[in-house]
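Please walk me through this structure, beginning with its overall make-up and then turning to its sheet, its salt bridges and one buried serine.

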Amino acid sequence: MSAGGGSASVSRPLVEGGEDRSDPRVDSCTRKRATMWAADTCHDTTKIIFPIKETKQAPLKQENQIRGEMRMEARKKAQVEKDKTQKEEKDEALKLDLSGMSLNSLPNPTTQLSWITKLDLSNNNLESIPESLTARLLNLEVLDVHSNQLNVLPNSIGCLMKLKVLNVSSNLIVFLPNAIENCRALEEMNTNFNKLTRLPDTIGYELTNLRTLSVNSNKLAFLPSSTSHLTSLRSLDARLNCLSSLPDGLENLIRLQSLDLSQNFHHLSSLPFSLGLLVSLTDLDVSYNNLTALPNSLGCLTNLRTLHVGGNPLVSPPMDVVTRGVNAMRDYLSARMNERGKKDGHASTKTSFIGKLVKCTTFTGRSISSGGLHGERNEELLLPDYRLVKGFATPKHVGTFSPRRLFSSRRSQSLKL
């Protein structure tokens, strides 16, 4: 109340429903309800704010994740580069280069020889290589000794079971040791510019992985018959030798792409018919020999791209055909082969390989007509039955259809198995 006796209102804090908290008439239940409402209000506010905070944090979390992935990727790249560098350093450590040092003999090695994978001794004055040294190069893959004074290779070269590349060119080597046949991993062999008079007789039976064989500029009078077993061979370079003939069975070199027989001069006067069966051949060089005729079978070399025949006294094909290029020569030889077959009334002995192969396609083992493609004769070659094992002829009878038997004389009346 005021001093004047009138009443005056005093501001008091209110709670929900306009109740006066200081009013003693407000009971405890009302206060409790007010407290619960305030708590609920705070709780609801938290619920509203929380999603907003989560929404703002989401891009930040995604950005951190991307940064983490980038850091991991950078670490991986750094590790790859480190491994590559270490590998290159290791490879360098495994290579021993003593080339061009005018060495007359080899120094005592200071490294573990079994670790070396490449040894370069080229362009020195070495007359020999110690047997003990070669025998310890157990992991050697590349051996380069070109341009030395070597007369012979050590027999211990046969211990190099992992050797892939051998370069012994420009030396004085007269023959290769038979132990070289043990280098079965060999893929490339270069023996150019030596004094070789022969190659190991069984070289083709063991070096079945050989892809490149270079024997040019030697004194070879012939190639061993086992050459026909080098079925992985892609390139054969035998120019500048004294070759008078080529081995039988060259048709087995089904992967051969390049063949160089040039500059054997007067020694080489004929080529075998089997050259026409080298189905993969793309480059053939028979220039500067004593050839008067090319085998008609060369007309079957559909993959042939280059054919060099210059420097020969050729009659077949004539020079006007030769000057028109490889396609003209191939067409000429193919037509000549077909014409000869028609003229004889049957495929000739040497040009009948197509007809014989066609007649053997059924492989019934009953009979093969010897009357050629037109069957004008009734003579037959009787063949006994043979067994098949998963589609292949058994070893006992597989020789029945070998090229040597198929190209045998038509006067034969039976095939001896």
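In this predicted model, the protein chain is built from seven helices and 16 strands. Of its 417 residues, 37% are buried, and the accessible surface comes to about 25,000 Å², with 53% of that area belonging to carbon and sulfur atoms. If one considers the contacts between residues at least 6 apart in sequence, 36% of them join residues that are at least 24 apart.

Ten of the strands make up an open sheet with parallel pairing, and their order in the sheet is 3-4-5-6-7-8-9-10-11-12. The edges are taken by strand 3 (95-97) and strand 12 (306-308), each of which has a single partner strand, so that one side of each is left without a neighbour in the sheet. Averaged over this sheet and with direction ignored, neighbouring strands are turned by 5° against each other. As a general point, strands of a sheet pair through backbone hydrogen bonds, in either a parallel or an antiparallel manner. One of the pairings here joins strand 7 to strand 8 (residues 212-214), in the parallel sense and over three bridges; in it, Asn 190 stands opposite Ser 214 of strand 8.

The charged side chains offer a second way to read the fold, since the structure holds three salt bridges, a term that requires a side-chain nitrogen of Lys or Arg within 4 Å of a carboxyl oxygen of Asp or Glu. One of them links Arg 184 and Glu 206, whose closest N and O atoms are 3.0 Å apart. Because Arg 184 belongs to the loop between strand 6 (165-167) and strand 7 (188-190), while Glu 206 belongs to helix 3 (residues 203-206), this pair ties together parts that are 22 residues apart in sequence. Both partners are partly exposed, Arg 184 with a relative accessible area of 38% and Glu 206 with 27%.

Arg 239 takes part in the other salt bridges. With Asp 237, the closest N and O atoms are 2.3 Å apart, and with Asp 260 the N to O distance is 3.6 Å. The second of these pairs joins Asp 260 in strand 10 (residues 258-260) to Arg 239 in the loop between strand 9 (235-237) and strand 10, and it therefore ties together parts that are 21 residues apart in sequence. Through their shared partners, the salt bridges unite Asp 237, Arg 239 and Asp 260 in one network. Within this network Arg 239 counts as partly exposed, at 26% relative accessibility, whereas Asp 237 is buried at 11% and Asp 260 is likewise buried at 14%.

A last site to examine is Ser 122, which is found in the loop between strand 4 (118-120) and helix 2 (131-135). Is Ser 122 buried or exposed? Its relative accessible area is 3%, and because residues under 20% count as buried, Ser 122 falls into that class. The side chain of Ser 122 makes a polar contact, at 2.7 Å, with the side chain of Asp 120. Once its neighbours within four places in sequence are left aside, Ser 122 is in contact with Leu 98, Ser 99 and Gly 100, and also with Asp 144, Val 145, His 146, Ser 147 and Asn 148.

Key
Residues are numbered from 1 along each chain as its sequence is written. This is a predicted model: local features need pLDDT of at least 70, side-chain atom pairs count only at pLDDT 80 or more; totals for chains, interfaces and linings use all residues. Side-chain values use heavy atoms; hydrogens and water are left out. Helices (H or I, at least four residues) and strands (E, at least two) are DSSP runs, numbered from the N terminus. Buried means under 20% relative accessible area, exposed over 50%, partly exposed in between (1.4 Å probe, protein chains only). Contact means heavy atoms within 4.5 Å. Accessible areas come from the Shrake-Rupley method with a 1.4 Å probe; for residues, only the protein chains shown count as cover. Two strands pair if DSSP finds at least two bridges between them. Axes are lines fitted to C-alpha atoms, for helices over the stretch in contact, and angles run from 0 to 180 degrees between N-to-C directions. A polar contact is a pair of N or O atoms within 3.5 Å; within protein, one must be able to donate a hydrogen and the other to accept it, and residues adjacent in sequence count only if both atoms are side-chain atoms.
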